Amino acid sequence: MENGYHGEIPENANEQCPGTESELAGKSDACEGCPNQEACATAPKGPDPDLVKIAERMATVKHKILVLSGKGGVGKSTFSAQLSFALAAMDFQVGLLDIDICGPSIPKMLGLEGQDIHQSNLGWSPVYVESNLGVMSIGFMLPHPDEAVIWRGPRKNGIIKQFLKDVYWGELDYLVVDAPPGTSDEHISIVQFLQATGIDGAIIVTTPQQVSLIDVRKEVSFCKKVGIPVLGVVENMSGLRQSIADFKFTKVTQNGDENDATEWAMNYIQANAPELLSLVACTEVFDSSGGGALKMCMDMQVPFLGKVPLDPQLCKAAEEGRSCFADQKCGASAVALRRIIAKLLPTQQSQKPQ
């Protein structure tokens with residue numbers, strides 16, 4: 001990594017800490033006054049032996065993809081879940097690793113709430129949606145779904161390392177890693193732990209408005225600094241798409257009260273313009289006057305993968321823990337997601353494996 005650190009950085013370390021595994025640990029000028037100075041100076045140096053175990057586990061994984069976002073709430077986990085569903089539907093062997101330690105939403109989005117992790121002589125077993133789609137998340141380890149995970153950085157890093165070295169995935173075509181928003185401990189750890197095994201790259205999910213894109217630029221910068229290729233940026237919630245037949249209508253009075261007018265409106269449309277019921281209404285929800293993700297990608301010279309509309313049916317599929325590709329309900333979003341996934345897959349793998 002370009003930051004020059006070697007090994008993990010203790011939480012109470014000085015700002016310019018060289019890393020616990022550096023030959024300068026405990027000896028450099030930056031170590032003066034650090035409470036860990038003596039321990040670092042006398043500790044054995046050398047590569048982390050757990051990295052060897054991680055490399056052995058990852059030797060059976062062909063492709064590793066990180067899914068990142070600059071902000072929370074942009075649909076990153078929804079994208080990770082649907083990407084995994086889509087790859088599994090193409091008969092690839094897929095693993096989905098949730099490293100959002102404080103906000104693990106993947107179990108719900110895969111329909112796996114209440115499931116437990118099982119141990120075998122090969123290690124921890126993922127929880128399987130289908131025989132070719134396994135999932136691992138701290139959400140499976142919580143005693144109650146409402147339990148808060150209040151962990152500092154080192155403990156988060158420890159569980160991520162444990163997921164990588166102790167989970168037995170078997171032979172995988174794709175390991176999709178759903179990371180928390182931002183560029184913090186979890187991101188540094190997953191890159192450090194996986195970099196030697198080869199990371200294909202990162203997909204970055206954003207929404208169209210500048211308040212989200214500002215942080216996505218930082219995410220792109222992070223990837224460049226740590227040497228992770230940016231596979232592309234997805235603009236999620238890119239305009240609302242909804243069938244008029246699914247609309248709710250209200251009448252707002254002068255004092256702000258709302259009265260449901262759905263039945264009246266639907267009867268009126270049915271009687272006077274029934275053809276409208278087969279149309280899909282489109283409107284912008286977020287301000288994209290700044291050019292959206294496409295312009296940002298051009299400015300930062302990274303690939304733009306495409307736009308996914310804000311589709312209430314996709315939101316419902318995520319809430320119910322099912323694939324948006326399983327039926328025709330997610331018409332607008334499923335088509336957009338398929339186009340994006342087709343761009344991601346190498347040409348030689350665009351067909352189902354034989």
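A residue is called buried here when its relative accessible area is under 20%. By that criterion, 47% of the 354 residues in the chain are buried. The model under discussion is a predicted one.

## Overall architecture

The secondary structure of the chain consists of eleven helices and 13 strands. Taken along the principal axes, the C-alpha atoms occupy a box of roughly 85 × 50 × 45 Å. Of the contacts between residues at least 6 apart in sequence, 73% connect residues at least 24 apart.

## Strand β1 and its partners

Strand β1 spans residues 61-69, and eight of its nine residues are buried. The strand has a parallel pairing with β7 (residues 172-178), made over six bridges. Within this pairing, His63 of β1 has Tyr174 as its bridge partner in β7. A further parallel pairing, of five bridges, joins β1 to β8 (residues 201-206). In that case Leu66 stands opposite Ala202 of β8.

## Strand β6 and its partners

Strand β6 covers residues 133-137, and five of its five residues are buried. In a regular strand, side chains alternate between the two faces of the sheet. Both faces of β6 are covered: Leu133, Val135 and Ser137 are buried on one side, and Gly134 and Met136 are buried on the other.

Two pairings of β6 can be described. Strand β2 (residues 94-98) pairs with β6 in the parallel sense over five bridges, and Leu97 has Met136 as its bridge partner in β6. Strand β5 (residues 127-130) runs antiparallel to β6, with three bridges between them. Here the bridge partner of Tyr128 is Gly134 of β6. The connection from β5 to β6 is a hairpin through two residues.

The pairings of β1 and β6 are set out below.

| Strands paired | Sense | Bridges |
|---|---|---|
| β1 and β7 | parallel | six bridges |
| β1 and β8 | parallel | five bridges |
| β2 and β6 | parallel | five bridges |
| β5 and β6 | antiparallel | three bridges |

## Nonpolar cores

Nonpolar side chains tend to be buried together in soluble globular proteins. The largest nonpolar core in this model has 43 residues, and those with the most contacts inside it are Leu97, Leu164 and Ile190. Helix α7 (residues 210-226) gives the most to this core, contributing six residues. A second, separate core comprises 42 residues, including Ala86, Met90, Leu110 and Ile341.

The surroundings of Ile190 can be listed in detail. Leaving out residues up to four places away in sequence, Ile190 touches Leu66, Ile99, Ile160, Leu164, Val177 and Ile199. Leu66, one of these neighbours, is also the residue of β1 that stands opposite Ala202 in β8.

## Cavities

The structure holds two cavities of 30 Å³ or more. The second largest cavity encloses about 50 Å³ of space. Its lining is formed by Gly75, Thr78, Phe79, Val205, Val234, Asn236, Val308, Leu314 and Leu337. Six of the lining residues are nonpolar, three are polar and none is charged. Helix α3 (76-89) and strand β9 (230-243) each supply at least two residues of this lining.

## Individual buried residues

Three residues merit separate description.

Asp50 lies in helix α2 (residues 49-58). Asp50 counts as buried because its relative accessible area, 18%, falls under the 20% cut-off. Apart from its neighbours within four places in sequence, Asp50 is in contact with Lys161 and Lys165.

Asn36 is placed in the segment before α1 (37-42). With a relative accessible area of 17%, Asn36 is also under the 20% limit and is therefore buried. Asn36 and Gly26 are ten residues apart along the chain, and their C-alpha atoms are separated by 7.4 Å.

Val226 is found in helix α7, the helix that gives the most residues to the largest nonpolar core. Its relative accessible area of 7% is under 20%, so Val226 is classed as buried. The C-alpha atoms of Val226 and Gln192 are separated by 9.0 Å, and these two residues are 34 residues apart along the chain.

Key
Residues numbered from 1 in each chain as written. Predicted model: local features only at pLDDT ≥ 70, side-chain atom pairs only at ≥ 80, totals over all residues. Heavy atoms only, no water. Buried < 20%, exposed > 50% of the residue type's maximum accessible area, 1.4 Å probe, protein only. Helix = DSSP H or I, 4+ residues; strand = E, 2+ residues; numbered from the N terminus. Pairing = 2+ DSSP bridges. Core = buried A, V, L, I, M, F, W, Y, C linked by side-chain atoms within 4.5 Å. Contact = heavy atoms within 4.5 Å. 1 Å grid on protein atoms, 1.4 Å probe; cavity = no way out; pocket = protein on both sides within 12 Å on 5 of 7 lines; lining within 4 Å. Points joined across faces, edges and corners; volume = space filled by probe spheres on them. Nonpolar A, V, L, I, M, F, W, Y, C, P; charged D, E, K, R; others polar.
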